[in-house]
Amino acid sequence: MAIWVFGYGSLISKAGFNYDERLVGFIKDYRRVFYQGSTDHRGTPEFPGRTVTLEPAEGEICWGAAYKISKKEDQEIALTYLEVREKQYDRKEYVDFFTEFKATTPAISGALVYIASPNKNVNVNYLGPASVEEIARQIVQAEGPSGPNREYLFLLEKALLQIGSEDKHVTDLANEVRRIISEEN
């Protein structure tokens, strides 16, 4: 039986595993926010970067990509890979994934998604809300083994535009990061 994985951050443009099909679409009643600290990819324990997580938001939608993985061997490899890549995300949920606004039935039921919860007892890297300027300043300064945090933000902004979606939170942050960088230069 095939599994589906929903990506709403870097997974949109860089799956990192074999898949049989990729669908662009959205999940309902969630929004993407830069509230998760990254101490292993886009920051360090001393200076965490910020990456996206999902938070419940009634009536909102979050665009991304869903990946179908059919072969058992590919599933095992993908899930092992994702457990490492998404290790700072403490929750796995199964969500309904839609490809059309007017659809009442999801295109996919039970797509796996990784979420970083705001519960500091189980997610020590949760940073939570801050002003756009504060988050942007942290993103400008942070860098980790996977590269500068700003690169993650700009790649996400580009990936969302490529799938025909603009996320105000992402766009506002990207514009603020650009403003800060231009002031520094």
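Start with the largest nonpolar core of this predicted model, which counts 52 residues, and select Tyr8, Phe17, Ile27, Phe34, Leu54 and Leu153, the members that touch the most others. Then colour strand β3, residues 49-69, since the largest share of this core, 8 residues, comes from that strand.

From this set, centre the view on phenylalanine 17. Setting aside neighbours within four places in sequence, phenylalanine 17 is in contact with Leu11, Tyr67, Ile69, Ala78, Tyr81 and Leu82, and displaying these side chains together shows the surroundings of one of the core members that touch the most others.

Move next to phenylalanine 34, which lies in strand β2, residues 21-38, and which is buried, with a relative accessible area of 0%. With neighbours within four places in sequence again left out, the contacts of phenylalanine 34 are Arg50, Thr51, Val52, Ile135, Ile139, Tyr152, Leu153, Leu156, His169, Val170 and Leu173. For a distance to draw in the viewer, take the C-alpha atoms of phenylalanine 34 and glycine 9, which are 9.9 Å apart in space and 25 residues apart in sequence.

One partner of phenylalanine 34 deserves its own selection, namely His169. Histidine 169 is found in helix α4, and its side chain reaches the backbone nitrogen of phenylalanine 34 at 3.0 Å. Not counting residues up to four places away in sequence, histidine 169 touches Arg32, Val33, Phe34 and Ile135.

Stay with helix α4, residues 168-184, and select aspartate 172 and lysine 168, which are 4 residues apart in that helix and therefore separated by about one helical turn. The two form a salt bridge, with the closest N and O atoms 2.6 Å apart. Which of the partners is exposed, and which partly exposed? Lysine 168 is exposed, with a relative accessible area of 60%, whereas aspartate 172, at 29% relative accessibility, counts as partly exposed. Another selection to make is Glu176, Arg179 and Glu183, which are linked in a network of salt bridges.

How many salt bridges does the structure hold? There are 12, and two further examples can be set side by side. In one of them, arginine 85 pairs with glutamate 86, and the closest N and O atoms are 3.6 Å apart; arginine 85 counts as buried at 11% relative accessibility, and glutamate 86 is likewise buried, with a relative accessible area of 11%. In the other, glutamate 93 pairs with arginine 91, and here the closest N and O atoms are 2.3 Å apart. Glutamate 93 counts as partly exposed at 21% relative accessibility, a value to be read against the 20% below which a residue is called buried, and arginine 91 is also partly exposed, with a relative accessible area of 29%.

For the last stop, show helix α2, residues 132-141, together with helix α3, residues 149-162. Two packed helices are described by the angle between their axes and the distance between those axes. Here helices α2 and α3 pack at an angle of about 115 degrees, and their axes are 6 Å apart. Select Gln138, Ile139 and Val140 on α2, then Asn149, Arg150 and Leu153 on α3, as these residues make the contact; they divide into 3 nonpolar, 2 polar and 1 charged. Two of the residues picked here lead back to an earlier stop, for Ile139 and Leu153 are among the contacts of phenylalanine 34.

Notes
Residues are numbered from 1 along each chain as its sequence is written. This is a predicted model: local features need pLDDT of at least 70, side-chain atom pairs count only at pLDDT 80 or more; totals for chains, interfaces and linings use all residues. Side-chain values use heavy atoms; hydrogens and water are left out. A salt bridge is a side-chain nitrogen of Lys or Arg within 4 Å of a carboxyl oxygen of Asp or Glu. Buried means under 20% relative accessible area, exposed over 50%, partly exposed in between (1.4 Å probe, protein chains only). Helices (H or I, at least four residues) and strands (E, at least two) are DSSP runs, numbered from the N terminus. A nonpolar core is a set of buried Ala, Val, Leu, Ile, Met, Phe, Trp, Tyr and Cys residues joined through side-chain atoms within 4.5 Å. Contact means heavy atoms within 4.5 Å. A polar contact is a pair of N or O atoms within 3.5 Å; within protein, one must be able to donate a hydrogen and the other to accept it, and residues adjacent in sequence count only if both atoms are side-chain atoms. Axes are lines fitted to C-alpha atoms, for helices over the stretch in contact, and angles run from 0 to 180 degrees between N-to-C directions. Ala, Val, Leu, Ile, Met, Phe, Trp, Tyr, Cys and Pro count as nonpolar, Asp, Glu, Lys and Arg as charged, and the others, Gly among them, as polar.
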